[in-house]
Amino acid sequence: MYQIKAIDEFNLSAFNDKTFQVSDTNTPDAIIVRSSNVSDQLITPRLLLVARAGIGTNTINIEACTQNGTAVFNTPGANANAVKELILQALFTSVRPLQTAIAHTAALTGDDLQTQAEATRYQFIGGELYGKTIGIVGLGTIGQQLADSCYHLGMQVVGYNRSSKGLQAVQQLATIDDVLAVADFVVLLLPLTESTRGIIAAKQFQLMKKKAVLLNFGRGALVDDQAVIEALNQGQFKQYITDFPAEALQDQGHVVMLPHLGGNTVEALSKSANLTVKNMRDFLETGVIRASVNFPTADLSFSSPNRLTVFFKSRASLWNDVSSILNRYHVPILEMISNTKGDYGYMLVNINLVANNVTTDQKNQLINELKAVTGTLRVRILDNLNA
Ligand SMILES: NC(=O)C1=CN([C@@H]2O[C@H](COP(=O)(O)OP(=O)(O)OC[C@H]3O[C@@H](n4cnc5c(N)ncnc54)[C@H](O)[C@@H]3O)[C@@H](O)[C@H]2O)C=CC1
Ligand SMILES: O=C(O)C(=O)COP(=O)(O)O
C-alpha cells in the first residue's frame, strides 16, 4: 500500500482505496504539495514521487529528487487561465481607480446621489489599455495566453523569452532590457531558478518608463524588493503590483500586494488536483509518465502481468546489463520502451513473472541485482492490478 503525504490542504478522497493510504508519515511513497516547501528530509529512499499541484517547482529540490530516483510532476497549464484573468483584472484596475471610486460613491449621502456622483466623478478619470504597450517577460503558457488577450484588447504586445516562440500576437525582443525600455506595463511570468533570481534589480528600473507599471505574477524573488522601493521613491516607475507579499514592501506607497491569488480559482484548483491525482495514480500503478519535470516521458500499454521500471543515468551498455540479468532469471521481455531526458533515462519493460515461476524471493533478488547495475537510480517491479 502506498503512503501518500499531503503537505498542503487537499481533498484526498480519490486516494482512499486499497492501493493508497493518506498518511502523516515522514517517509512517504508520494508527496502531494502546492507552493509549500518540500523539505529535503522527506526525500528518503522510499520516496517515489513528488506531485506539485500547480506549475512552479522552486520549492522542491529537483536535483536531490533526480539523484534519489524520485519523479517530480507538476500540472502545466492547469491554472494558466486563472492567472491570465487575474493579471487582466490587475491591468484594468491599474488604469481605472475603481476601488476609490466605489468607496467614494458608497460614502455619498443625501437625496440626489446621481447628481452628486456626476459632480465629483472628475476625481476618478482613468486611462485605457487600448494602444498601450505591454511587455511580457516569460512567454510560457500563461505569457502566451495573456499576449493573445492583450492583443485582442488592442494593445501592442512585446515580450522576452529565452527561446524563440514564433508567436503571432507578440513581437519578441532580444533582451529583457529591450522590453523594459518600451513597455507601459511589464508583466513577469518567469519561473524562479538560479538564473532568474533577482533578474529585475536597480539597473533594470533605470530603463523603465516613468509611468510604467510592473506586475509580478512569476515569483517574488525575481525582483529585488529593496531596489523596487528605491526606484519608486525616485520616480523611476509608477507602480509595483505583486502576487507575492513581502515585509519590505508593506506600507510602501505605489505597491499593491496580493496574497498569491493567481491560481486560486475553483476551476484551476480542480483542474490541478485532477491532473495531479492522474499523474500519481498512473505512475504508482503503471509506471507511465506523460509529463514530468525530471523524468522522460514513457507510455506503454500495461498488457502483461508484471512490469519492470528503471530510472537511470544514461550509460551505453545499461540495457545490455539489465536484459542479461532478466535472461538469467528466465524472464522474457514481452515489450519495452525507453526514453531519455538530458542525462537520464527511463524504461518500462513488460514481463511475466508468474508464467516463469519466479518466486517472491527470486523477485527480490532480481530487484537487488538490477539496483546494483551501475547507473540505475530506481528499480520497481509492478503487478498489473487489472490482470
Ligand atoms: N501567481 C501565481 O499564482 C502563479 C504563478 N506562476 C508562475 O509563473 C511561472 C510561469 O508559469 P507558466 O507560464 O505556466 O509556465 P511555463 O513553464 O509554461 O512558462 C515559463 C516560460 O519561461 C521561460 N523561461 C524560463 N527561464 C527563463 C529565463 N531565464 N529567461 C527567459 N525565459 C525563461 C520558459 O522558456 C517558458 O516559456 C511559473 O513558473 C510560476 O513561477 C504560475 C502559476 C500561478
Ligand atoms: O502554479 C504555480 O506556480 C503557482 O504559483 C500557484 O501556486 P498555488 O498552487 O496557488 O500555491
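Strand β15, residues 344-351, is mostly covered in this predicted model, with seven of its eight residues buried. Two strands pair with β15, and both pairings are antiparallel. Strand β13, which spans residues 306-313, is joined to β15 by eight bridges, and within this pairing N306 sits opposite I351. Strand β14, residues 335-341, meets β15 through seven bridges, with E335 and N350 as bridge partners. The β14 and β15 strands form a hairpin with two residues between them. One residue of that turn, G342, has a positive phi of about 60°.

This part of the chain also carries an annotation. An unreviewed UniProt entry lists residues 307-384 as "domain: ACT". In the model, that span is 29% helix and 38% strand, and its end C-alpha atoms lie 7 Å apart.

A glycine from elsewhere in the sequence makes contacts with this span. G69 is found in the loop that links α1 (62-67) to β5 (71-73). Beyond its neighbours within four places in sequence, G69 is in contact with F311, L377 and R378. How many other C-beta atoms lie within 10 Å of G69? There are 23, and because 20 or more count as burial, G69 is buried. By contrast, G235 lies 50 Å from G69, C-alpha to C-alpha, with their positions 166 residues apart in sequence.

Attention now turns to a second sheet. Seven strands make up an open sheet with parallel pairing, in the order β8-β7-β6-β9-β10-β11-β12. The strands at the edges are β8 (171-172) and β12 (255-257); each has a single partner strand, so one side of each is left without a neighbour in the sheet. At the β12 edge, three bridges join that strand to β11, residues 239-242, in the parallel sense, and T242 stands opposite M257. Helix α5, residues 141-152, packs on the sheet and touches β6 (133-137), β7 (156-160) and β9 (185-188). The direction of α5 makes about 165° with that of β7.

Within the sheet, β6 and β7 are paired in the parallel sense over five bridges, and V137 stands opposite Y160 of β7. Is β6 enclosed or open to the outside? Four of its five residues are buried, so β6 is largely enclosed by the rest of the structure. Strands of a sheet pair through backbone hydrogen bonds, in either a parallel or an antiparallel sense.

Two ligand surroundings complete the picture. Ligand 1 is surrounded by 28 residues, the closest being G56, G140, I142, P191 and G262. Helices α2 (80-95) and α5 each supply at least two residues of this shell. Which element gives the most to the shell around ligand 1? Helix α5 does, with three residues, and α5 is also the helix noted above for packing on the sheet. By class, the ligand 1 shell holds eleven nonpolar, 14 polar and three charged residues.

Around ligand 2 stand R34, S35, A53, G54, I55, G56, N79, H260, G262, G263 and N264. This shell divides into two nonpolar, eight polar and one charged residues. Both G56 and G262 appear in the ligand 2 shell and also among the closest residues to ligand 1.

How values were computed. Residues are numbered from 1 along each chain as its sequence is written. Chains are lettered from A and ligands numbered from 1 in the order in which they are written. This is a predicted model: local features need pLDDT of at least 70, side-chain atom pairs count only at pLDDT 80 or more; totals for chains, interfaces and linings use all residues. Two strands pair if DSSP finds at least two bridges between them. Two residues are in contact if their C-beta atoms, placed from the backbone, lie within 7 Å. Axes are lines fitted to C-alpha atoms, for helices over the stretch in contact, and angles run from 0 to 180 degrees between N-to-C directions. A residue is near a molecule or strand if its C-beta atom, placed from the backbone, lies within 6 Å of it. Ala, Val, Leu, Ile, Met, Phe, Trp, Tyr, Cys and Pro count as nonpolar, Asp, Glu, Lys and Arg as charged, and the others, Gly among them, as polar. UniProt positions are given in the numbering used here, feature names are shortened, and annotations may be inferred rather than shown by experiment. A residue is buried if 20 or more other C-beta atoms lie within 10 Å of its own, exposed if 12 or fewer, and partly exposed in between; C-beta atoms are placed from the backbone.
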